[in-house]
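Thank you all for coming; I would like to walk you slowly through one structure this morning, beginning with a pair of helices and then moving on to a sheet. Please have a look at it first.

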Amino acid sequence: MPSSNPRARHFPPPMSSTSLSPEGEEVAEEEQVVTPWEVSAKQGGKIDYGKLIDQFGCQRLDQSLIDRVQRLTNRHPHVFLRRGVFFAHRDFTDILDAYERGDKFYLYTGRGPSSEALHLGHLVPFMFTKYLQDAFKVPLVIQLTDDEKCMWKNLSVEESQRLARENAKDLIACGFDISRTFIFCDFDYVGGAFYKNMVRVAKCVTYNKVVGIFGFTGEDHIGKVSFPPVQAVPSFPSSFPHLFSGRENLRCLIPCAIDQDPYFRMTRDVAPRIGYSKPSLIESTFFPALQGETGKMSASDPNSAIYVTDTAKVIKNKINKYAFSGGQDTTEKQRKFGANLEVDIPIKYLEFFLDDDAELEQIRREYGAGHLLTGEVKRRVIEVLTELVERHRRARAAVTDEMVDAFMAVRPLPNMFS
Ligand code: TRP
């Protein structure tokens with residue numbers, strides 16, 4: 001592959017299939033790329049999540065599993081389960097089997113604090129994790145990888161630490177129960193039992209292996225090469241002796257977006273070799289950019305996403321101006337042909353955040369049939385998002401520095417399982 005191709009540096013290598021050009025030559029078609037650092041669909045298309053399941057070798061989260069979650073937790077499944085936002089898993093059934101027998105588990109998720117303001121996509125895994133924590137009544141550890149962002153985003157150590165604490169406030173605002181939640185920053189917490197596990201993992205992963213999984217090159221600094229064990233070991237209860245000592249067999253369930261899968265493929269590969277059980281995963285799709293599912297929310301383009309810091313006025317303006325519409329371009333045509341719901345961003349956003357199944361179904365039906373106009377659907381989306389963002393803003397404003405310290409204190413958790 002020519003080195004001028006920026007994708008040449010990324011793994012898994014874009015799998016290319018060939019087809020014939022109009023001149024009859026064989027041309028390589030670039031496939032989608034999904035890594036922790038790059039998400040791009042095949043040219044002009046959407047991410048093919050079914051194909052990702054096959055490429056990564058995870059399992060589809062089907063209706064029978066969702067029904068099982070409903071039965072075991074005795075609650076209506078979360079909207080992200082009902083609508084297929086969390087669509088893939090690895091050994092989630094093992095977690096449920098054990099839970100059914102009366103064995104609990106713990107949750108592990110995380111965030112790389114690369115920016116001050118979170119957008120709605122950043123909230124998705126945390127909103128879902130909160131639901132899991134409440135529904136199953138289990139403990140949760142949240143890793144803030146200030147070290148990762150310091151190395152990848154070229155932030156100073158101090159700036160990464162500051163961002164981690166700021167982001168912790170947004171996570172706490174999601175409503176986690178302090179009696180069951182431990183939040184930690186790598187710069188503060190890595191050491192002791194956690195570090196011993198990092199070394200155990202590192203000894204099992206060759207340089208070739210890490211290059212195969214993550215696509216590091218000879219030009220990448222060695223900080224990057226050495227990072228994956230940091231994200232791996234929160235999967236093992238013995239990394240948290242103040243929480244789980246005497247419970248080293250506790251299972252771990254990781255809710256995350258599917259771009260984090262490479263870290264946990266590595267973790268699951270190593271776990272049995274160091275005498276630990278493999279973590280299970282439950283994995284989500286990506287939250288689409290305003291400009292459509294082919295685009296990517298980009299940190300450098302504030303108009304590609306709704307931020308939790310956006311005012312009502314900004315939200316209204318962004319939706320009206322930038323949200324890609326599947327509606328027809330004139331009222332007459334819309335009445336006649338209806339909207340293409342497949343590409344419509346307001347509909348997508350309602351699928352994520354409008355809890356009422358009956359209302360969503362009605363909007364889909366009427367918009368698809370042309371009885372509703374784009375402007376009317378956008379008005380509803382603006383309402384839903386404004387309410388969500390306002391609620392988040394109020395909750396975040398109530399989070400004090402003392403609360404952040406309390407969530408991060410290295411302490412036993414009083415009601416882990418009740
Ligand atoms: N690498 C993730 C990010 O950049 C942060 C992270 C650390 C994480 N541990 C995790 C995400 C576990 C999901 C699950 O955002």
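Let me start with helix H17 (residues 345–353) and helix H18 (residues 357–368), whose axes come within 11 Å and cross at roughly 165°; axes here are lines fitted to C-alpha atoms, for helices over the stretch in contact, with angles from 0 to 180 degrees between N-to-C directions. H17 is therefore roughly antiparallel to H18, a term used for angles over 145 degrees. Helices are DSSP runs of H or I with at least four residues, and strands are runs of E with at least two, both numbered from the N terminus.

I should say early that this is a predicted model, in which local features need pLDDT of at least 70 and side-chain atom pairs count only at pLDDT 80 or more, while totals for chains, interfaces and linings use all residues. Residues are numbered from 1 along each chain as its sequence is written, and side-chain values use heavy atoms, with hydrogens and water left out.

Which residues of H17 meet H18? They are Ile347, Leu350 and Glu351, which meet Leu360, Ile363, Arg364 and Tyr367 in H18, contact meaning heavy atoms within 4.5 Å.

Turning to the sheet, seven strands form an open one with mixed pairing, in the order S5-S6-S11-S10-S7-S8-S9, where two strands pair if DSSP finds at least two bridges between them. Strands S5 (59–60) and S9 (181–185) stand at the edges, each with a single partner strand, so one side of each has no neighbour in the sheet. Strand S7 (residues 105–111) pairs with strand S10 (residues 251–257) in the parallel sense over three bridges, and Leu107 has Leu253 in S10 as its bridge partner.

Note on methods
Angles under 35 degrees count as roughly parallel, over 145 as roughly antiparallel, 65 to 115 as roughly perpendicular and the rest as oblique.
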